[in-house]
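Please look over the structure shown here before planning any bench work around it. The briefing that follows takes up one helix, then the enclosed space, then a stretch of the surface.

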Amino acid sequence: MKCLDFDWPNEKKDRCVPKLLEFLSYTDDIIVLVISLVSTILSFLTFLILITFILHQDTAIVKANNRNLSFLLLVSIMLSFLCVFMFLGHPVDLTCILRQVSFGILFSVAVSCVLAKTVMVCIAFRATKPGSSWKLWIGSKWPNSLVLFCSSIQVIICMLWLALAPPFSEVDTHSSQGKIIVQCNESSVIGFYSVLGYMGVLAIISFIMAFLARTLPDSFNEAKYITFSMLVFCSVWIAMIPAYLSTRGKYMVAVEIFAILTSSAGVLGCIFFPKCYIILWRPELNARSHLLEGRHQ
């Protein structure tokens, strides 16, 4: 007697028993509890940093390189940590759609903010030169416009993906013996890698610009920290792709979750931890006179 696709022979081979369902379950996988705890702690830490920046928004460190971009970047990083929960639990069509779209858009907003902050570093340095026309760009609305433009492209990519071939949940009864893999089918490989590819293009552009601006004379040259953050970001996602392609089932999802948490934590740590150190423990460095002194060295 041949068992059905959702059944499997028992050890004695005398009857069929249901196959086990495999997905990142809240009740059966300790890794889910670890991921949930790490995601919650990192999102709460990001929230504390955001509150710290809001309370010290009139100080020199926070105002440097557009504080509104810093606020938006922190919010997008915090939501990136929280979007991990969409990858956990039993996959359904709605979560399969939301998980990739939400992470792709949030990361594009974050990297767009980093790109705008990098451009602001270059403009701020050139604007200090006597008679420079770059002073007209200081305090303008164009950094917000740049973030909106870059993020809108990712939104359009996601909308086309959802309109033409939206992701959906499915069960795989053949890849693993004795188990039914409940997973999300991305439906369109082109759509999935277009989202990742565009995010990678933004990250590479930000890294190149920050790397070129890292040696600009400044007592607090944010380009140095952006360079390290984008280096971590790009390294994580480049390493993630072969690991993602070589795994199946819940381990494939775990690899993507690890990439999301690691890259977000890298951006948060490299860009904001040095600022928090100055704000909380070295307030004497958090002064406009100190920043201007570094620029004229």
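**Helix H6**

In this predicted model, the buried residues of H6 are Gly191, Phe192, Val195, Leu196, Tyr198, Met199, Leu202, Ala203, Ser206, Ala210 and Ala213. An α-helix has 3.6 residues a turn, so residues three or four places apart point the same way.

- Helix H6 covers residues 189-213, and its 25 residues, taken at 1.5 Å a residue, should span 36 Å.
- The C-alpha atoms at the two ends of H6 lie 36 Å apart, which agrees with that expected span.

**Cavities**

- Four cavities of 30 Å³ or more are found when the whole structure is searched, and the second largest of them holds about 90 Å³ of space.
- The lining of this second largest cavity is made up of Arg99, Gln100, Gln183, Cys184, Glu186, Tyr244, Gly249, Met252, Val253 and Glu256.
- Helix H4 (93-127), strand E5 (179-185) and helix H8 (250-281) are the elements that each give two or more residues to that lining, and H8 supplies the largest share, with three residues.

**Nonpolar surface patch**

- A nonpolar patch on the surface is formed by Phe44, Phe47, Leu48, Ile51, Ile54 and Leu55, which together have about 550 Å² of accessible area.
- One of these patch residues, Leu55, belongs to helix H1 (residues 30-55).
- Leu55 counts as exposed because its relative accessible area is 67%, where the cut-off for exposed is over 50%.

Note on methods
Residues are numbered from 1 along each chain as its sequence is written. This is a predicted model: local features need pLDDT of at least 70, side-chain atom pairs count only at pLDDT 80 or more; totals for chains, interfaces and linings use all residues. Side-chain values use heavy atoms; hydrogens and water are left out. Patches are made of residues with over 30% relative accessible area and no salt bridge: like charges are joined within 9 Å, nonpolar side chains (Val, Leu, Ile, Met, Phe, Trp, Tyr) within 5 Å. Accessible areas come from the Shrake-Rupley method with a 1.4 Å probe; for residues, only the protein chains shown count as cover. A salt bridge is a side-chain nitrogen of Lys or Arg within 4 Å of a carboxyl oxygen of Asp or Glu. Helices (H or I, at least four residues) and strands (E, at least two) are DSSP runs, numbered from the N terminus. Buried means under 20% relative accessible area, exposed over 50%, partly exposed in between (1.4 Å probe, protein chains only). The expected span of a helix is 1.5 Å times one less than its number of residues. On a 1 Å grid over the protein atoms alone, a cavity is a set of points where a 1.4 Å probe fits but cannot get out, and a pocket is an open set with protein on both sides within 12 Å along at least five of seven lines; lining residues have an atom within 4 Å of a point. Grid points are joined across faces, edges and corners, and a volume is the space filled by probe spheres set on the points.
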